[in-house]
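I opened this notebook to look up where empty space is left inside and on the surface of the model, and how some of its helices pack.

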Amino acid sequence: MSDGMKNVSVHRDGAVLYVQLTRPDRGNVLDEALVDDLLAVLRGRPADLRTVVLSAVGPDFCLGGDRRELTGAPAAVPRIGEKTRLLFEALALPDLVTVAQLHGRAVGAGVGLAAACDLRIGSPDSTFRLPEAALGLPPVWGGALARIIGQIGLARTTEMVLTSRVIDATSAQQMGLLHTVAPTEELERSVRRTAASIARRPAPAIQMTKRILQAYAAPSRLADVGFLESDLMAGAIALAATSTSHNGI
């Protein structure tokens, strides 16, 4: 399934699919190529899969969008935002439970990627940051902002965006960004145990449960309205004047 993909590795264990981001040299930034690979994996998954575990190699989970890509071709930003929206929707399909295995930093769109997953299990070194306002960009696009608000509430999201402060694992669990904090040495085992347990449940039960939960979730249909496109392009141009590590935002 992962043939020809440079940004992810994939392996299956029963009804669980394990997907890893594999570009630690670039901070696993959520560029267009990575989004394309993740979409291909999710769209091409066997019908009998019940659970997908999303993790990353290297010191960080995902350092957000690719700064070089955003500043190099601002006109491409709306297209990347639309693909990101499709990715987040694929992670939320009712017949699939997605589990994010988190460690290190999740920044910007990386927080959105985690929030698009149903469950988030992280190690004690997990941190979360939304730096878009500090960089002159609209808050995370692709529907990520609405999903984060739905997970932790408007007040906490507003504070994260306006201050750009780093949220540690303990605070993230209290806010709802993390469901479980597992010791680093137990993280993979904890995630595998959770994923396997969910995968044993009947498909109709998973679908029914997710549909009911999604019915209670905050609406996200306004997250990608067209007027954001000009702001995104303007922000991408302004971002060209900034410098960040790993080219992530």
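**Cavities, helix pairs and the pocket**

I began with the second largest cavity, where α1 gives the most to the lining, with three residues. I note at the outset that this is a predicted model, and that every entry below should be read with that in view.

I then listed the lining in full: Val19, Leu38, Val41, Leu42, Val52, Leu54, Leu87 and Leu91 line the second largest cavity. The elements that give two or more residues to this lining are α1 (32-43), β3 (51-56) and α3. I sorted the lining by class and found eight nonpolar, no polar and no charged residues, around a space of about 50 Å³.

Since α1 and α3 both appear in that lining, I looked up how they pack. The axes of α1 and α3 come within 10 Å and cross at roughly 30°. Because angles under 35 degrees count as roughly parallel, I entered α1 as roughly parallel to α3. For the hand of the pair, I recorded that α1 passes α3 in a left-handed crossing.

On the α1 side of the contact I wrote down Glu32, Val35, Asp36, Leu38, Leu39, Leu42 and Arg43, which meet Arg79, Ile80, Lys83, Thr84, Leu86, Leu87, Ala90 and Leu91 in α3. By class, the contact of α1 with α3 has nine nonpolar, one polar and five charged residues. Reading the two lists together, I marked Leu38, Leu42, Leu87 and Leu91 as residues that take part in this helix contact and also line the second largest cavity.

Next I asked how many cavities of 30 Å³ or more the structure holds. I counted three of them, and about 70 Å³ of space lies in the largest. The largest cavity is lined by ten residues, of which Leu30, Gly65, Thr84, Ala109 and Trp141 lie nearest its centre. The elements that give two or more residues to its lining are α2 (67-72) and α3 (77-91), and I noted again that Thr84 of α3 belongs to the contact with α1. The residues of the lining of the largest cavity divide into six nonpolar, two polar and two charged.

I turned from the cavities to the largest pocket, which has a volume of about 710 Å³. Of the 24 residues that line this pocket, I recorded Asp118, Gln151, Lys210, Leu213 and Gln214 as the closest to its centre. The elements that give two or more residues to the lining are α6 (144-152) and α10 (203-216), and the largest share, six residues, comes from α10. By class, I entered 14 nonpolar, six polar and four charged residues for the lining of the largest pocket.

Having met α6 in the pocket lining, I looked up its pairing with helix α7 (residues 154-163), and found that the two axes come within 7 Å and cross at roughly 125°. I therefore entered α6 and α7 as oblique to each other. The contact is made by Leu145, Ile148, Ile149 and Ile152 of α6 and by Leu154, Arg156, Thr157, Met160 and Val161 of α7. By class, the contact of α6 with α7 has seven nonpolar, one polar and one charged residues.

Definitions and conventions
Residues are numbered from 1 along each chain as its sequence is written. This is a predicted model: local features need pLDDT of at least 70, side-chain atom pairs count only at pLDDT 80 or more; totals for chains, interfaces and linings use all residues. Side-chain values use heavy atoms; hydrogens and water are left out. On a 1 Å grid over the protein atoms alone, a cavity is a set of points where a 1.4 Å probe fits but cannot get out, and a pocket is an open set with protein on both sides within 12 Å along at least five of seven lines; lining residues have an atom within 4 Å of a point. Grid points are joined across faces, edges and corners, and a volume is the space filled by probe spheres set on the points. Helices (H or I, at least four residues) and strands (E, at least two) are DSSP runs, numbered from the N terminus. Ala, Val, Leu, Ile, Met, Phe, Trp, Tyr, Cys and Pro count as nonpolar, Asp, Glu, Lys and Arg as charged, and the others, Gly among them, as polar. Axes are lines fitted to C-alpha atoms, for helices over the stretch in contact, and angles run from 0 to 180 degrees between N-to-C directions. Angles under 35 degrees count as roughly parallel, over 145 as roughly antiparallel, 65 to 115 as roughly perpendicular and the rest as oblique. A crossing is left-handed if the near helix is turned anticlockwise from the far one by less than a right angle, and right-handed if clockwise. Contact means heavy atoms within 4.5 Å.
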